[in-house]
Amino acid sequence: MDTPPSKTSASRLTRRRLLLVGVGLGGVVAIGRWRYLTAPEHGNTKFSVQEVHSKQRAGEVVLIDIRTPQEWAATGIAKGAHPIDMRRDDFIAALQQIVGDARDAPIALICARGVRSARMTLRLAEAGFTNIIDVPEGMLGSKAGPGWIKSDLPLVR
């Protein structure tokens, strides 16, 4: 005859189920937030490094390198990019010095691997910018592609 599970093992099972449900819901929230970060209705698009380079050379986008000064020193900066450390308290003001008051100016953001640039799109959307372009490959490459450096695009050291 089977013995019924103890009250302790039953409560452990319940806690595990709650934990799994919580983790599952957290994943759904994270996915929803990621979709919001890159949703087309916020004016956010994604370009490859080759597309950004071409559009930048044609004067169609402003490229902003949001990495740290240490990263710029280690790898160089994409030629023509404006380096503005995203950690600056006056990041928005520094960006406006480059693009002016036009909140619809096409601004491409690049970081090391595309994580910070995706995050920064939300911050700029909240500040009223409507034409934000994420470069998910970044300078070093990611799942999105090889990145600026491995694509042998021009750098300034």
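Take the contacts in the protein chain between residues at least 6 apart in sequence: 62% of them join residues at least 24 apart. Keep in mind that this is a predicted model.

So what is the chain built from? It has six helices and seven strands. Walk along the sequence and you'll meet them in the order α-β-α-β-α-β-β-α-β-α-β-α-β.

How much of the chain is buried? Of its 157 residues, 39% are buried. As for the outside, the accessible surface is about 9400 Å², and carbon and sulfur atoms account for 58% of that.

Now for the inside. The largest nonpolar core has 18 residues, and the ones touching the most other members are Ile64, Ile66, Phe91, Leu95, Leu109, Leu124 and Phe129. Three of the elements that each supply at least two residues to this core are in the table below.

| Element | Residues |
|---|---|
| α4 | 91-99 |
| β5 | 107-110 |
| α5 | 115-126 |

Which element gives the most to this core? That's α4, with five residues.

Ile64 is a handy place to start looking around. Setting aside neighbours within four places in sequence, Ile64 is in contact with His82, Ile84, Phe91, Leu95, Ile98, Ile107, Ala108, Leu109 and Ile110.

There's also a second, separate core, this one of 16 residues, including Phe47, Val52, Val61 and Ile110. Ile110, then, belongs to the second core and is also in contact with Ile64, one of the residues of the largest nonpolar core.

Terms used:
Residues numbered from 1 in each chain as written. Predicted model: local features only at pLDDT ≥ 70, side-chain atom pairs only at ≥ 80, totals over all residues. Heavy atoms only, no water. Helix = DSSP H or I, 4+ residues; strand = E, 2+ residues; numbered from the N terminus. Buried < 20%, exposed > 50% of the residue type's maximum accessible area, 1.4 Å probe, protein only. Contact = heavy atoms within 4.5 Å. Areas by Shrake-Rupley, 256 points an atom, 1.4 Å probe, with all protein chains shown as cover. Core = buried A, V, L, I, M, F, W, Y, C linked by side-chain atoms within 4.5 Å.
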